[in-house]
Amino acid sequence: MFADPAALDTADPLARFRAEFFLPPGKIYLDGNSLGLLSRRAEAHLARVIADWRTLGIEGWTAAAPPWLTLAETIAEKIAPLLGAAPDEICLTGQTTANLHQLLATLYAPGGTGFPARGPCDHAHGPNTPCPAPRSVILGDALNFASDSYALHSHLRLRGLDPAQHLRFIPSRDGRVLRLDDILEAFAAPDIQLAVLPAVVFTSGQLLDVTTLTRKARQRGIIIGWDLSHSIGAVPHSLGGESGPDFAFWCHYKWLNAGPGAVGGLFLHRRHHALAPGLAGWWGVRADRRFAMSPHHEPAAGAAALHIGTPHILSLAPLLGSLELIAEAGGLCALRAKSLALTDFLLALIDRDLAPLGFAVVTPRGAPARGGHLALAHPEAWRLCQALKAAHVVADFRAPDLIRLAPAPLYTSFTDCADAIARLQTIALTRAHESFPESRALVT
Ligand SMILES: *Cc1c(COP(=O)(O)O)cnc(C)c1O
């Protein structure tokens, strides 16, 4: 018998967290991987910072609770368990793309011989073996979010290097997912200095095997980093320790519900903490020397050295609420369990009700390769998405033919999932989508 969504909601240990969120009235919200919803807790923390600003003025830097001066570090401690990293390996700053630029500026060392050597060969291999080939290629992937590849291109140009020679992308055979053997083959090239991959592919929702790929890259002497934009808050990570990757970066406005344009984050593994920040600024100076305004940059310990300017206090504040809720829910493993239950339930409904109507799931089905959202391919995806919106289901379209459905473990119910699939089935059966414009270009 098919699981009853109401019974699944009753049995759901996280069901009570739905009441902590402001759900758009009358809508089924399945877009938490683009912009997570506001929680009462996040709103309260933001309101408190604003009240402190009102009453304390500049004294808020030291007298607010917690003080603004160390708010980024306070949050790094609270977010560390989601990333399996030490707090001093995390810096809450910038944006996803800006943080990628900062990490490239810090870690990309063209012409060197790879980790751990930087710069020209140190001849540690001895006199009887030839020097290893210099490494200068940055490796990305063909499915990358465009902003990441703009950053890679422009970073290379800034270094005076031609992206045509120094940037390589791992191909995708079907335009949906990356294959492990294709990635490993790309890693085998001797000229790669640094690789950047997404933990979850933003279109198809494929979750890559971060642990294995990190190990393989490091065995090859490649500096390896991960874009966690679509995984942080949905999938637990384990970035710290001996076998961890070199760097990672992400945003907090998707699964972490910190609000539109919220501050981003980055991870710099402890093994690189002696490096000078590529892009230096006064907030990356040791806290006790920051106001000395010395002409010489004295970096803060750990990833905090990669701060550039004054932290975004107003957009950090909501994160306190988001992280409080995750801790109360039992941590990210509890969220991941619910997320997998939601996407399992959606998959069963899709197979039964939508597959016969020409919808195909492009997200890998196995739990270890599935992120938090599902992607459905359909030739009419654009019009179907508009019809869904008119039927009060907020999902999103990704060109050329994908509908993304993102159930958020803290606020999406099994009933929401069942209702959304039923509405999509009705639209497809009645061809309601055919009254919407065919091309996205016709819509402003
Ligand atoms: C959302 C997202 C971004 C967004 O970049 P911002 O600099 O935060 O605007 C970048 N990369 C990926 C993979 C994303 O999913």
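Mentor: A polar contact is a pair of N or O atoms within 3.5 Å; within protein, one must be able to donate a hydrogen and the other to accept it, and residues adjacent in sequence count only if both atoms are side-chain atoms. This is a predicted model, in which local features need pLDDT of at least 70, side-chain atom pairs count only at pLDDT 80 or more, and totals for chains, interfaces and linings use all residues. Residues are numbered from 1 along each chain as its sequence is written, and side-chain values use heavy atoms, with hydrogens and water left out.

Trainee: How far is an N or O atom in the side chain of threonine 96 from an oxygen atom of the ligand?

Mentor: Threonine 96 is among the residues around the ligand, where a residue counts if one of its heavy atoms lies within 4 Å. The pair joins a side-chain N or O atom of threonine 96 to a ligand oxygen, at 2.6 Å.

Trainee: Which atom of the ligand lies 2.9 Å from a polar side-chain atom of aspartate 148?

Mentor: Aspartate 148 also belongs to the residues around the ligand. Its polar side-chain atom is paired with a nitrogen atom.

Trainee: Is glycine 265 buried or exposed?

Mentor: Glycine 265 is found in strand S8, residues 264-268, a strand being a DSSP run of E, at least two residues, numbered from the N terminus. Buried means under 20% relative accessible area, exposed over 50%, partly exposed in between (1.4 Å probe, protein chains only). The relative accessible area of glycine 265 is 0%, so glycine 265 is buried.

Terms used:
Helix = DSSP H or I, 4+ residues; strand = E, 2+ residues; numbered from the N terminus.
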